[in-house]
Amino acid sequence: MKSIIIANWKMNLSPGQETELTSAFKKELNSKKNQEVVICPSFLGLEKVAGILKGADLVLGAQDAFWEKAGAYTGQISPKFLKELGCEYAILGHSERRENLNETDEMVNKKVSACLENEMTPIICVGENFDQKQEGQTHFVVLHQLSQALKNIDLVEDEKLIIAYEPVWVIGRGQAVDPEEAEDVFEIIHQTLVDLYPSTIVKNNIRLIYGGSVDVDNAAGFMALDLCHGFLVGGASLDVERFAGVLNST
Ligand code: PGA
């Protein structure tokens, strides 16, 4: 399976800045053969970024998606419409949405289902916060978030999932966890997936990735882990050189 590196630009750039950075990425980045690179701009930037990405080896993703296809849902964005703009992926259940908008596991579950129905691959974010970590709750929290997100989700042959393990307390901190700590959680995630799906589906359709202060100097350590298939990158994806460095060490 290809590794996957996802740039999550969050709400850091204006639509104009997003088009500039996309053009720079298109010019400067060379994804390797066995690598998939996904750019997730803001909703406002999607259409222009999609235009720039035409003919490039970069894939478009969204930072969220609502669970309904269409209707009276003020301010929401349908996965069907995102797909129409060319989005292949959607980040779901990011800790910043869970914290700032009270996004629940139930909502994440509905979004996972809606994305799959619209032929988009969900990037499901799971991870413990600092207090949960201190209380020794990491395994419980991750297992709970994951099993709730995947409740009643039957993956059929061509449906894919990305599970992003992001220890919330290292997001945007400039200091990732040790790869060994992530490996321990990857194993729990992998075991949960094996309990839920046939092993061929787990092997061929689901990739586990790490997120949380990924940068040039720590990416290789995570990629050395058997279960790690890539990254969700925030801060380092806002700079061409740093992001290129992450791709090179992956
Ligand atoms: P970071 O963000 O790389 O800036 O820590 C990661 C994320 O929130 O997905």
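User: What radius of gyration does the protein chain have, and what would a compact globule with 250 residues have?
Analyst: Keep in mind that this is a predicted model. With 250 residues, a compact globule would come out near 18 Å, and that agrees with the protein chain. Along its principal axes, the C-alpha trace spans about 45 × 45 × 35 Å. The radius of gyration of the protein chain itself is 17 Å.

User: How many helices and strands are there in the protein chain?
Analyst: Let's count the secondary structure. Some of the pieces we'll meet below are helix α5 (residues 105-117) and helix α7 (residues 138-149). The whole protein chain comes to 11 helices and 8 strands.

User: What do the strands build, and in what order do they run?
Analyst: The pairing is parallel, and the strands make a closed barrel. Neighbouring strands of this sheet are turned by 25° against each other on average, if you ignore direction. The barrel has 8 strands, in the order β1-β2-β3-β4-β5-β6-β7-β8.

User: Which residue in β8 does G211 stand opposite?
Analyst: Look at where β7 meets strand β8 (residues 230-233): the two run parallel and are joined by 2 bridges. Across from G211, in β8, you'll find L232.

User: Which strands does helix α8 touch?
Analyst: Helix α8 covers residues 179-196 and packs on the sheet. Its direction makes about 155° with that of β7. The strands α8 touches are β5 (121-126), β6 (161-165) and β7.

User: And which strands does helix α11 touch?
Analyst: This helix (residues 240-248) packs on the sheet too, with its direction at about 165° to that of β1. The strands in contact with α11 are β1, β2 (35-40) and β8.

User: How are α5 and α7 oriented to each other?
Analyst: Two packed helices are described by the angle between their axes and the distance between the axes. Here the axes come within 8 Å and cross at roughly 45°. So α5 and α7 are oblique to each other.

User: How many residues of the contact of α5 with α7 are nonpolar, polar and charged?
Analyst: On the α5 side you have D105, V108, N109 and V112, and they meet H144, Q145, Q148 and A149 in α7. Sorted by type, the contact divides into 3 nonpolar, 4 polar and 1 charged.

User: Is N109 buried or exposed?
Analyst: N109 sits in helix α5. Leaving aside neighbours within four places in sequence, N109 is in contact with Q148, A149, L150, K151 and I153. Its relative accessible area is 15%, and the cut-off for that class is under 20%, so N109 is buried.

User: What is the phi of K10, and where does K10 lie?
Analyst: Most residues other than glycine have a negative phi. K10 has a positive value instead, near 50°. K10 is also buried, with a relative accessible area of 18%. As for its place, K10 lies in the loop between β1 (3-8) and α1 (15-28).

User: What about S213: what is its phi?
Analyst: S213 is found in the loop between β7 (206-211) and α10 (219-223). It is buried, with a relative accessible area of 16%. S213 is not a glycine, yet its phi is positive, at about 60°.

User: What share of the residues in the protein chain is buried?
Analyst: We have already met some buried residues, including K10 and S213. Across the 250 residues in the protein chain, the buried share is 52%.

User: What share of contacts join residues at least 24 apart?
Analyst: Take the contacts in the protein chain between residues at least 6 apart in sequence. Among these, the share joining residues at least 24 apart is 71%.

Key. Residues numbered from 1 in each chain as written. Predicted model: local features only at pLDDT ≥ 70, side-chain atom pairs only at ≥ 80, totals over all residues. Heavy atoms only, no water. Axes fitted to C-alpha atoms, helices over the stretch in contact; angles between N-to-C directions. Helix = DSSP H or I, 4+ residues; strand = E, 2+ residues; numbered from the N terminus. Parallel < 35°, antiparallel > 145°, perpendicular 65-115°, else oblique. Contact = heavy atoms within 4.5 Å. Nonpolar A, V, L, I, M, F, W, Y, C, P; charged D, E, K, R; others polar. Buried < 20%, exposed > 50% of the residue type's maximum accessible area, 1.4 Å probe, protein only. Pairing = 2+ DSSP bridges. Rg over C-alpha atoms; globule rule 2.2 N^0.38 Å.
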